[in-house]
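Trainee: Could you help me learn to read a protein model, one feature at a time?

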Amino acid sequence: MELTITNNTGKNQFETEVEGHTALVAYTLFHGGIAFMHTEVPPELEGRGIAGQLAKYVLEYARENHLKVKPYCPYINAYMKRHPEYNDLL
């Protein structure tokens with residue numbers, strides 16, 4: 001499933017809408033970086049790989065914008081452990 005993910009800067013979250021439900025990664029910015037705080041996928045959308053696509057998107061966003069990452073969100077933290085190619089962002 002191809003997702004359209006947007007950065008909602010007013011709410012400090014990356015989000016995507018699927019079938020009327022919003023999945024998101026909430027963040028805060030700090031000098032030179034971005035801290036990922038929370039990943040949320042509604043129960044209706046679970047099991048479709050949406051959280052993984054969001055994680056990849058936000059980490060690529062950090063890389064493209066030369067931001068260091070603080071993965072406070074347990075999901076993003078676990079994703080980074082499974083994908084060591086993002087270790088340079090820490």
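Mentor: Happily; we will go from the overall fold to one helix and then to some single residues. Keep in mind that this is a predicted model.

Trainee: Let's start with the fold. How many helices and strands does the protein have?

Mentor: Begin by counting elements, then read their order. Here there are two helices and five strands, and along the sequence they come as β-β-β-β-α-β-α. The radius of gyration is 12 Å, close to the 12 Å that the globule rule gives for 90 residues, so the protein is as compact as a globular protein of that length. Along the principal axes, the C-alpha atoms fill a box of roughly 35 × 30 × 20 Å.

Trainee: What share of the 90 residues is buried?

Mentor: Buried residues make up 41% of the 90. For sequence-distant packing, look at the contacts with a separation of 6 or more: residues 24 or more positions apart account for 40% of them.

Trainee: And what does the surface look like in numbers?

Mentor: The accessible surface is about 5,300 Å², and 52% of that belongs to carbon and sulfur atoms. As for charge, there are 8 positive and 11 negative side chains, with the centres of the two sets 9 Å apart.

Trainee: Now helix H1. Which of its residues are buried?

Mentor: First, the general idea: an α-helix has 3.6 residues a turn, so residues three or four places apart point the same way. In H1, the buried residues are Ile50, Ala51, Gly52, Leu54, Ala55, Val58, Leu59 and Ala62. The helix covers residues 50–64, and its 15 residues reach 21 Å from the first C-alpha to the last, close to the 21 Å expected at 1.5 Å a residue.

Trainee: What covers the buried residues of H1?

Mentor: The cover includes strands E2 (13–18), E3 (21–30), E4 (33–40) and E5 (68–71), along with helix H2 (74–82).

Trainee: I would also like to check backbone angles. What should I look for?

Mentor: Most residues other than glycine have a negative phi, and most peptide bonds are trans. Two residues here are worth a look in that light. Glu19 has a positive phi near 50° and lies in the loop between E2 and E3. His66 is not a glycine either, and its phi is positive at about 55°; it comes just after H1, in the loop leading to E5.

Trainee: Are Glu19 and His66 buried or exposed?

Mentor: Exposed means over 50% relative accessible area. Glu19 has 60%, so it is exposed, and His66, at 72%, counts as exposed too.

Trainee: Loops can hold buried residues as well, I suppose. Where is Cys73 placed?

Mentor: Cys73 is in the loop between E5 and H2, and at 2% relative accessibility it counts as buried. To see what surrounds such a residue, set aside those up to four places away in sequence: Cys73 then touches Phe36, Met37, His38 and Thr39. Cys73 and Met37 are 36 residues apart in sequence, yet their C-alpha atoms are 4.6 Å apart in space.

Trainee: Let me try the same reading on a strand residue. What is Tyr27 in contact with?

Mentor: Tyr27 is in strand E3 and is buried, with a relative accessible area of 5%. Leaving aside neighbours within four places, its contacts include Asn7, Asn8, Thr9, Asn12, Gln13 and Phe14. Also among them are Ile34, Ala35, Phe36 and Met37. A C-alpha distance adds another view: Tyr27 and Glu15, twelve residues apart in sequence, are 11 Å apart in space.

Definitions and conventions:
Residues are numbered from 1 along each chain as its sequence is written. This is a predicted model: local features need pLDDT of at least 70, side-chain atom pairs count only at pLDDT 80 or more; totals for chains, interfaces and linings use all residues. Side-chain values use heavy atoms; hydrogens and water are left out. Helices (H or I, at least four residues) and strands (E, at least two) are DSSP runs, numbered from the N terminus. The radius of gyration is taken over C-alpha atoms; the globule rule is 2.2 Å times the number of residues to the power 0.38. Buried means under 20% relative accessible area, exposed over 50%, partly exposed in between (1.4 Å probe, protein chains only). Contact means heavy atoms within 4.5 Å. Accessible areas come from the Shrake-Rupley method with a 1.4 Å probe; for residues, only the protein chains shown count as cover. Lys and Arg count as positive and Asp and Glu as negative; His and the chain ends are not counted. The place of a charge is taken as NZ of Lys, CZ of Arg, CG of Asp or CD of Glu. The expected span of a helix is 1.5 Å times one less than its number of residues.
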